[in-house]
Amino acid sequence: MAINLSINGVSHSVDIEPETPLLWVLRDAIGLTGTKYGCGISRCGACTVHVDGQATKSCQTAVSAVAGKKVTTIEGLSQDSSHPVQQAWREVGVPQCGYCQSGQIMSAAALLQKSPKPTDRQIDEAMAGNICRCGTYQRIKAGIRRASQISGA
Amino acid sequence: MTDVNLSRRALIQTSVGAAGGLLLGFHVPQAHAAKTESRPWTTPTKGVEVNAWLAIDPDGTVTIRVPHTEMGQGGMTSVALMIAEELDVEWSKVQAVFADANRHLRNNKEYVTMFTAGSQLVWRQHPHIMQAGASARERLKEAAAQAWGVPRAQVAAKQGVLTSGARRATYAEFASAAAAVKLAEEPAIKQAKDWWLLGKDVLRLDIPHKVNGSAQYAVDTRLPGMVYAAVKASPVPWGKLKSFNFEAIKNRPGIVGAFELRAVPGKRGQPDMQDAVAVVADSWFRAKTALDLLPVEWDFGESAKVDNAALSAHAKKMLGETGLMTKEEPKALEAIAASKKVVTAEYERPFEAHLRMEPINATVHVQDGRVDVWSPTQDQSVAIQLVANQVGVPEKDVFGHTMFLGGGFGGNGAGGTAVTRQAAELSKRLKRPVKVLWSREEDVAQDKQRPMSAARLSASLGANGLPEAISTRAVWFSLDKANQWGPATADYGIATMPYIIPLRHHERHNLDTHVPSSTHRAPGANQTGFMIESFVDELALAGGWNPLDWRIEMTKGKDDWQRVLKTLKEKSGYRTDLKKGEGMGVAAVECHGTIAAACATVTVSRRGQLTVEKIVVVADCGHVINPRGAVEQIEGAAIYELSHAWHGGLDMRGGRFVNTNFDSYNLLRIDQAPEVEAHFALTGGKKWGGMGEPAGPPVPPAVANAIFAATGKRIRSTPFRLHDLSWA
Ligand code: FES
Ligand code: FES
């Protein structure tokens, strides 16, 4: 069954079992490998994308559930790495191994969309679903605050 | 049957996607920054190779070839910095690529080592890496000296320009001539006082690629005609695969086949395969789904009777029996037996997995006359050797591609795990590229674990409250009685503690288990640091001492320890008079040539809820070449170890680990992560130490000591989450 998808503003048609998680359609069928697999059970956040602007774990989202919706991945967050969160992440030097960071950045971008000046508690709540094994948490917090400043400037 | 429509379309779309990705690219306005690419193993160099480590383009770009892997520890940037320092070239003119591992082996270890572990890259490898830059610089000077008819001493090399009197040329102009120069004597490397680049804050080169999804990891490898494999090895290590029923899944979409993989009989070494079954399909999700539905029968043997409780009981029993004496001092035992004031305690820690964020994977393509491997390994040359051995081809025909690693932590050392052999074997049989990806559950269950360990510690106190004698006995579980990572690590930390106690006696038992083990960020110290540094806290308090002053007193005359501990005292504001429910704790551990001390501040609610407010770390690694990078490693290592100590603990039942994903084997998350503040107290001079690991081991005991200060509850095992911390 062909499923029509809109990913980063580009239309795709994939012929695949409808229950296939969006994560694997992105990575293996479409070749957008910036979105990562970490657990497959919605517990690490490495696979976070935006579906109609909402941070969504793509490993537990059936591809059929996003037909007709707007999916944005890390590759589509900006054309030139200029999203305030990306700028802030470079400035603060957030990533270590970087494997979790696509998910961290997508969660942070969705948070700032909703709450341009998030409180510490809002940051904790929005980001607690994203594990960073390298332990970059305090830079993630600093990065979110910096991105908030950049957006507000 | 194997090439369903999905994969054909996938390939077409990928090439578009990849090209698009590269076009999007990004030229981040990073002032005066060097750079690398998102696929830094394929970057072409137009330039002239001066030596194996660097090439110079006509426009002055210097391409530095990095033989080590980049797993977030900053290895790529560190190598580039050390060479640029010696070469004396503008940092903005530097680009880094990964060195060719095949060439390294072909040319008799041309890069000396590709091993990326043990916090050694700066600590141990800096002499030969800096030497490569210094040697290139002197060759450039010599080439100019010959052309200009002046002695080399009258040629200066600075920021990519050679000058002598009024003469001036760029490095690029003399690159070809320099490559042919033979120096009578190789130059010495610079002393720290002469550095112009090292010691300054530099943003890591890999960071821009890690904010837009373009950084390529081994798991991202996509090749024309590639198929995907999901594997399941015996969940009880070393069990035998009896049978599986392919009929049950063979008509599922995209299935290529199911294959058995066999352990090499009698070999239980680190990267060796276990009995396993692999399902291959045209997408990983299809392979994994089919594997989950595949009926498989195993024979687990005796190991199926082992669980955490049985191992723990065995450890306890062995703590009561005399072990191998690695530090024999009968007088210590006599003094303790005769003393009226003795403190004795037993500590224990469980198995822990590495949990690299990038689950274990490898892609191998076996063709006639050429094999390619994409592996998240901490030593590319070992991955090549493993694949050559598995496929049965000469090493010179195997080409390794160095990707970014989604974490390593010692678990990807020595070629990593069995996954590389699995991929090689499957590609050999299928004659096409195969990507093997372990599910997270497989990644945890089949990891080479950090060994479970335990210790009994006893000490007698003298009239001044300070210890006169100490006797310790450690137990370390590791495969094949500790041929793997046993002897050295079991004694580490406890037997090597710095405290000046007149009489010291130490024994160890290396106990056999069926669980494969391996190095794990700060081997030995990561388990025993908690035991010894909690125990000396007990000693200090029993003797009426302030625990930080005790450590300063007990390291008198050791300048580096004194500097670190006194700096910790000054920076942390450590105090012992906080109100109940609040506490501070300290600990200090040396590993990888570096001393690291930590002070933790915690609060514990009456109901026992722990909050770690802050951790201050002071380190002496001798020299720091990139303060920004060193601070990142302190922050990361502190959180890494706290994560295990608070939330970790593998649970073995029926011979297998049962908590194999983040729902049951959790990690520290942002809402519990304390602030980490890093300071340095550097010895300098001849002292160099590692920085990727040492900040971890003192953190769990510092937190446990702070919990004691807050609640009066002494924690003698991890994870903390299993302890009731409530108080009244
Ligand atoms: S891979 Fe989706 S949350 Fe972990
Ligand atoms: S940067 Fe490595 S897991 Fe987050």
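## An exposed loop residue in chain B

With a relative accessibility of 68%, N108(B) counts as exposed. This is a predicted model, and N108(B) is a handy place to start looking around chain B. The residue sits in the loop between α3 (101-106) and α4 (120-123) of chain B. Its backbone stands out too: N108(B) isn't a glycine, yet has a positive phi of about 55°.

K431(B) tells a similar story in another loop, the one between α11 (419-430) and β19 (434-437) of chain B. K431(B) also has a positive phi of about 55° without being a glycine. Is K431(B) buried or exposed? It counts as exposed, at 62% relative accessibility. As background, most residues other than glycine have a negative phi, and most peptide bonds are trans.

## The tail end of chain B

The other backbone oddity is a peptide bond: the one from T718(B) to P719(B) is cis, with omega near 5°. P719(B) belongs to the segment after α19 of chain B.

F720(B) lies in that segment after α19 as well. At 1% relative accessibility it's buried, since the cut-off for that label is under 20%. What does F720(B) touch, leaving out residues up to four places away in sequence? The list is F530(B), L610(B), L642(B), A645(B), W646(B), P700(B), V703(B), A704(B), I707(B) and I715(B). There's also a long-range pairing to look at: F720(B) and G649(B) are 71 residues apart along the chain, while their C-alpha atoms are separated by 9.7 Å.

## Domains of chain B, and a covered helix

Chain B splits into domain 1 (48-212), domain 2 (218-301 + 360-437) and domain 3 (308-352 + 449-722). Between the C-alpha centres of domain 2 of chain B and domain 3 of chain B there are 37 Å.

Helix α16 of chain B, residues 547-554, is mostly covered, with 6 of its 8 residues buried. Those buried residues are P547(B), L548(B), W550(B), R551(B), I552(B) and M554(B). The cover over them includes β21 (467-478), α15 (525-542), α17 (559-572), β23 (582-591) and α19 (699-711) of chain B.

## Q380(B) and its neighbours

Q380(B) is part of helix α10 of chain B, which covers residues 380-391. Its relative accessible area is 2%, so Q380(B) is buried. Setting aside residues up to four places away in sequence, Q380(B) touches T69(B), A101(B), M114(B), S375(B), H401(B) and T402(B). M403(B) is 23 residues from Q380(B) along the chain, and the C-alpha atoms of the two are separated by 9.7 Å.

## Chain A as a whole

Over to chain A, which has 5 helices and 5 strands. Reading from the N terminus, the elements go β-β-α-β-β-β-α-α-α-α. The radius of gyration of chain A is 15 Å, close to the 15 Å that the globule rule gives for 153 residues, so chain A is as compact as a globular protein of that length. Along the principal axes, its C-alpha atoms fill a box of roughly 45 × 30 × 25 Å.

Of the 153 residues in chain A, 63% are buried. If you take contacts in chain A between residues at least 6 apart in sequence, 56% of them join residues at least 24 apart. The accessible surface of chain A is about 5300 Å², and 47% of that belongs to carbon and sulfur atoms. As for charge, chain A carries 15 positive and 11 negative side chains, with the centres of the two sets 10 Å apart.

## Two domains in chain A

How is chain A divided by the domain assignment? It gives domain 1 (2-77) and domain 2 (84-150). Taken over C-alpha atoms, the centres of domain 1 of chain A and domain 2 of chain A are separated by 21 Å. The contact takes in 18 residues from domain 1 of chain A and 13 residues from domain 2 of chain A.

T72(A) is worth a look here. It's found in strand β5 of chain A, residues 70-72, and counts as partly exposed at 21% relative accessibility. Apart from residues up to four places away in sequence, T72(A) touches N8(A), V49(A), H50(A), L77(A) and M106(A). T72(A) and G9(A) are 63 residues apart in sequence, with 7.9 Å between them in space, C-alpha to C-alpha.

Methods:
Residues are numbered from 1 along each chain as its sequence is written. Chains are lettered from A and ligands numbered from 1 in the order in which they are written. This is a predicted model: local features need pLDDT of at least 70, side-chain atom pairs count only at pLDDT 80 or more; totals for chains, interfaces and linings use all residues. Side-chain values use heavy atoms; hydrogens and water are left out. Domain bounds come from an automatic or database domain assignment. Helices (H or I, at least four residues) and strands (E, at least two) are DSSP runs, numbered from the N terminus. The radius of gyration is taken over C-alpha atoms; the globule rule is 2.2 Å times the number of residues to the power 0.38. Buried means under 20% relative accessible area, exposed over 50%, partly exposed in between (1.4 Å probe, protein chains only). Contact means heavy atoms within 4.5 Å. Accessible areas come from the Shrake-Rupley method with a 1.4 Å probe; for residues, only the protein chains shown count as cover. Lys and Arg count as positive and Asp and Glu as negative; His and the chain ends are not counted. The place of a charge is taken as NZ of Lys, CZ of Arg, CG of Asp or CD of Glu.
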